[in-house]
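Keep the sequence and the 3D view side by side as you read. We will go from strands to helices, then to a ligand and two loops.

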Amino acid sequence: MTVISKVIELEDIQKVYRIGDSEFPVLKGIDLQIEEGEFIALMGPSGSGKSTLMNIVGCLDRPTSGSFLLLDQDISQTSDDELARIRRVELGFIFQTFNLIGRISVLKNVEVPMMLSGLPRENRKDRALKLLESVGIAHRINFSPQNISGGERQRVAIARALANDPKIIIADEPTGNLDLKNSDEVMKILTNLNREGRTIIMVTHNPEITENCSRVIRLRDGRILETAS
Ligand SMILES: Nc1ncnc2c1ncn2[C@@H]1O[C@H](COP(=O)(O)OP(=O)(O)OP(=O)(O)O)[C@@H](O)[C@H]1O
Ligand SMILES: [Mg+2]
C-alpha cells in the first residue's frame, strides 16, 4: 500500500479565459502543495481567482497550463470520465449558495451522489440518514430544501458532500450566506471533519473563521502572496 502525504500538487498553474479574441489571464503561475489532513483557508480580494483555482483543484475545470497532481494522479493525462469519477468519489463540494435540488427531499438530495456511484437503494437511505443526523438535521429529511433555512441548507449540503466519503472537501465561501450563529455551526462541523482526517480547502472572506485552519493562503491578482501558519 502506498502512503500518500501530498494530496494536491500544483506547479505553475495558469488559467486564461478567452472571450472572442481577448484573453484574460486569471491564474498567473500558482505553485501549491497541500498535504493530507490540512485545513486550508484561501483568502483574497474579489476577482483574485479563488473560485477559478477551486474549480481547477475540484476538477470542475482544467488549467490552461501547468501541472496538477491530485492524489498522485496527473490530471492532465486523465480522461473526462475518470475526472467525473474522481469528483464523485474523492471530492466533496460545498458552495456559498448551497446548490441543492429544490424538487426533491433533503434525504434524496443526499442520496443523489450515492446513486451516481452505484450504491444500492437500501444502503443509500441508511447512509443518508446517518449523515443528516451527524449534521443535526435528521428532523428535516422529508422537507424540500426550499422550505428550510439557509443554515439548515448548508448542513444538508455538507451531508451531501460526504455522501461518498471523500478524502478532500472543497468549500467555496461555505459561510458566505450565513449569519454568525449558522457560520459557527458550519465551521464546527468542518473542523470536526478535518479532525477525522479529511483535507479541507475553504475559500473565505472572513478572517475570524480561520482560527481552526492549519494554513492561510492569500491570493492577489492570480498569484499566491504569502503563506502563514
Ligand atoms: N468563465 C469565465 N470567463 C471569463 N472570465 C471569468 C470566468 N470566470 C471567472 N472569470 C474572471 O476571472 C476573475 C477571477 O474570478 P473568480 O471567480 O475566480 O474570483 P474570486 O476570487 O472567486 O472572486 P469572489 O471573491 O468575488 O468570489 C474575475 O475577473 C472574473 O471576472
Ligand atoms: Mg469566488
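In which sense do β3 and strand β8 pair, and over how many bridges? They pair in the parallel sense, over four bridges. Keep in mind that this is a predicted model.

Start with β3, which covers residues 39-43. Look at where its side chains go. Phe39, Ala41 and Met43 point one way from β3. Ile40 and Leu42 point the other way. All of these residues are buried. A residue counts as buried if 20 or more other C-beta atoms lie within 10 Å of its own. Five of the five residues of β3 pass that test, so the strand is largely enclosed by the rest of the structure.

Now find the partners of β3. Strand β8 spans residues 199-203. Ala41 stands opposite Met202 in β8. Strand β9, residues 215-220, is joined to β3 by four bridges, and these two strands run parallel. Here Ala41 appears again: its bridge partner in β9 is Val216. Ala41 is thus a handy landmark, with Met202 opposite it in β8 and Val216 as its partner in β9.

Move on to β8. Which residues of β8 point one way, and which the other way? Thr199, Ile201 and Val203 point one way, while Ile200 and Met202 point the other. All are buried. With five of its five residues buried, β8 too is largely enclosed by the rest of the structure.

Strand β8 also pairs with β7, residues 168-172. The pairing is parallel and has five bridges. One position to check is Asp172, whose bridge partner in β8 is Val203. Between these strands in sequence comes helix α6, residues 180-195. Together, β7, α6 and β8 make a right-handed β-α-β unit.

Next comes another helix, α5, residues 150-161. It has twelve residues. From first C-alpha to last it reaches 16 Å, close to the 16 Å expected at 1.5 Å a residue. Ten of the twelve residues are buried, so α5 is largely enclosed by the rest of the structure. Among the buried ones are Arg153, Val156, Ile158 and Arg160. What do the buried residues of α5 pack against? They pack against β6 (91-95), α3 (106-116), α4 (121-134), β7 and α6.

Turn to ligand 1. Among the residues around it are Tyr17, Phe24, Lys50 and Thr52. Also there are Gly44, Ser46, Gly47, Ser48 and Gly49. The shell divides into four nonpolar residues, seven polar and one charged. β1 (6-19), β2 (22-35) and α1 (50-57) each supply at least two residues of the shell. The largest share, three residues, comes from α1.

Finish with two unusual backbone angles. Most residues other than glycine have a negative phi. Asp72 is not a glycine, yet its phi is positive, about 70 degrees. Asp72 sits in the loop between β4 (65-70) and β5 (73-74). Is Asp72 buried or exposed? It is exposed, with 11 other C-beta atoms within 10 Å.

Asp165 also has a positive phi, near 55 degrees. Its place is in the loop between α5 and β7. Asp165 has 12 C-beta neighbours inside 10 Å, so it counts as exposed.

Methods. Residues are numbered from 1 along each chain as its sequence is written. Chains are lettered from A and ligands numbered from 1 in the order in which they are written. This is a predicted model: local features need pLDDT of at least 70, side-chain atom pairs count only at pLDDT 80 or more; totals for chains, interfaces and linings use all residues. A residue is near a molecule or strand if its C-beta atom, placed from the backbone, lies within 6 Å of it. Ala, Val, Leu, Ile, Met, Phe, Trp, Tyr, Cys and Pro count as nonpolar, Asp, Glu, Lys and Arg as charged, and the others, Gly among them, as polar. Two strands pair if DSSP finds at least two bridges between them. A crossover is right-handed if, with the strands pointing away from the viewer, the path from the first strand over the helix to the second runs clockwise. The expected span of a helix is 1.5 Å times one less than its number of residues. Two residues are in contact if their C-beta atoms, placed from the backbone, lie within 7 Å.
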